[in-house]
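Trainee: I would like a close look at a single part of this protein, with enough of the surroundings to place it. Please take one residue, go through its setting, and then work outward.

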Amino acid sequence: MRPAVRVPEGLSARVPVEQRGPGLDRGAVRLLVSRGTEVSHHAFAELPGLLRAGDVLVVNTSPTLAAAVDGRVGHARVVVHFSSPGDDGRWAVELRDPDGRGTTRPRSPGGARSAPWKGGGGRRSDGIAGTEVMLPGGVRLVLEEPLSARSARLWWARVAGCEGGVLGMLREHGRPIRYSYTERDQPLSVYQTVFAVPPADGSGSAEMPSAARPFTARLVVELVSRGVQFAPVTLHTGVASAEAHEPPYPERFSVPEASARLIGAARAGGGRVVAVGTTAVRAVESAAGPDGVVRAAAGWTDLVVTPERGVRVVDGLLTGLHEPEASHLLMLEAVAGRAAVDRSYEAALAGRYLWHEFGDVHLLLPPEAPHVERCDGNLL
């Protein structure tokens, strides 16, 4: 494992780009482009010129939920981050402490009763089975068991007293999850992408599929007019591990038949499959067989894309800039290789690109094939 590269505090995007000055829209971010170890610098508006007719962009249609809710454990204030609903009516949740600045931090040892923790190599402090959290409107949440034996960060919990269900409570009392590098709370609309399509059941993602945030309707039209196609998929993202950088937990996904066919046709015709965000990679690679063929699929995926596993479908990736840690970095290496990722992070830091969900973006493409001159002087 390489040492962590710490992002300078001044490079965190604290507000959305459209709030940084008059006349700016979501697309007014910078775009770092990597083709192997070659990097170039662009405006995001130049994306259509960097893609080709026949390329396919795989986009995540999951909307973002107002997944953070204030609560109390006894007299102590907590913030509950609702991650994912289970098949049995329970929800995976994370309990966090308010930090006094409008955001949260991991639960402190004094914030909840501590008990020996067999799976965590020490004492867990974020809750124990039976911990009761009181939420707005008389709703009661009870922790039952950790989601995974490898960590006590996320817990399965039952919620009682919600007449409209958990999703109804989130709509009434929730707000978007916000981390400490941001400046202030934002309305939920700021966290929705142009591709978001609310499902009939009201489900969605705990955190925004942020790589797609810079897209505007106008840019989508321009891409389509140039022959770039869009393959919608869905992956409902859970609560990220902001401090521990754990691998992602199982998440719900769906790849419809039409998108599977579109991806297959593009590959057969020489087009490139470019995923918009790591969530899109996880969804489409979960639907790909060992033969590399994408077939319609839906359910839960526990796939973690690593260089050892590799990618079967994705040729390129458009992603935000995040701390180069754990699963995010491994997925980038699976797509582009370690040398390309190292070079791109060096260039992003040197160029003072902005990090996180409101920041700049990074496009990883395969290296351009070298031109070979024929004996008649023409290029192949």
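Mentor: What follows starts at one histidine, H236, and then moves to other parts of the chain. The model is a predicted one.

H236 sits in a loop, the one that connects β13 (229-235) with β14 (251-255). Is its side buried or exposed? H236 counts as buried because its relative accessibility is 12%, and the cut-off for buried is under 20%. Two polar contacts of its side chain can be listed. One goes to the side chain of S62, at 2.7 Å. The other goes to the side chain of S203, at 3.4 Å. Both serines also appear among the residues that H236 touches once those up to four places away in sequence are set aside. That set reads S62, P199, S203, G204, S205, E251 and R252. E251 and R252 fall within the range given for β14, the strand at one end of the loop.

The strand at the other end of that loop, β13, leads to V59. This valine belongs to strand β3 (residues 56-60). With a relative accessible area of 3%, V59 is buried. In sequence V59 is 175 residues away from T234, yet the C-alpha atoms of V59 and T234 are 7.9 Å apart in space. Beyond its neighbours within four places, V59 is in contact with F195, F230, A231, P232, V233 and V276. Of these, F230, A231, P232 and V233 have numbers inside the range of β13.

T278 is next, in helix α5 (residues 278-286). Unlike the buried residues, T278 counts as partly exposed, since its relative accessibility is 23%. T278 and L317 are 39 residues apart along the chain, and 7.7 Å separates them from C-alpha to C-alpha. Leaving out residues up to four places away, T278 touches L317, T319, H328, M331 and L332.

L317 and T319 come up again at another histidine, H362. They are among its contacts outside four places in sequence, which are L31, L32, S34, L317, L318, T319, L321 and S344. H362 is placed in strand β18, and at 1% relative accessibility H362 counts as buried. A polar contact of 2.7 Å links its side chain to that of S34.

Ahead of β18 comes the loop that starts after α7 (338-350) and ends at β18 (361-365). R352 lies in this loop. Its phi is near 55°, a positive value in a residue other than glycine. H356 is found in the loop between α7 and β18 as well. Phi of H356 is near 75°, again positive and again in a residue other than glycine. H356 has a relative accessibility of 6%, so H356 counts as buried.

Now the empty space. Rolling a probe the size of a water molecule over the atoms shows where such space is left. Searching the whole structure gives three cavities of 30 Å³ or more. For the largest of them the volume is about 80 Å³. Its lining consists of 14 residues, and those closest to the centre are S210, R213, P214, E357 and G359. By class, six residues of the lining are nonpolar, four are polar and four are charged.

One helix can be described through its packing. In α2 (residues 165-173), the buried residues are V166, L167, G168, M169 and L170. The buried residues of α2 pack against strands β4 (68-73), β5 (76-85), β6 (91-98), β10 (132-135), β11 (139-148) and β12 (151-160).

Last, the protein as a whole. Its secondary structure comes to seven helices and 18 strands. The protein has 380 residues, and 52% of them count as buried. Among contacts with a separation of 6 or more, 68% are between residues 24 or more positions apart. V59 with F230 belongs to the contacts across the sequence. The accessible surface is about 16900 Å², and carbon and sulfur atoms hold 53% of that area.

Terms used
Residues numbered from 1 in each chain as written. Predicted model: local features only at pLDDT ≥ 70, side-chain atom pairs only at ≥ 80, totals over all residues. Heavy atoms only, no water. Helix = DSSP H or I, 4+ residues; strand = E, 2+ residues; numbered from the N terminus. Buried < 20%, exposed > 50% of the residue type's maximum accessible area, 1.4 Å probe, protein only. Polar contact = N/O pair within 3.5 Å; in protein donor to acceptor, adjacent residues only side chain to side chain. Contact = heavy atoms within 4.5 Å. 1 Å grid on protein atoms, 1.4 Å probe; cavity = no way out; pocket = protein on both sides within 12 Å on 5 of 7 lines; lining within 4 Å. Points joined across faces, edges and corners; volume = space filled by probe spheres on them. Nonpolar A, V, L, I, M, F, W, Y, C, P; charged D, E, K, R; others polar. Areas by Shrake-Rupley, 256 points an atom, 1.4 Å probe, with all protein chains shown as cover.
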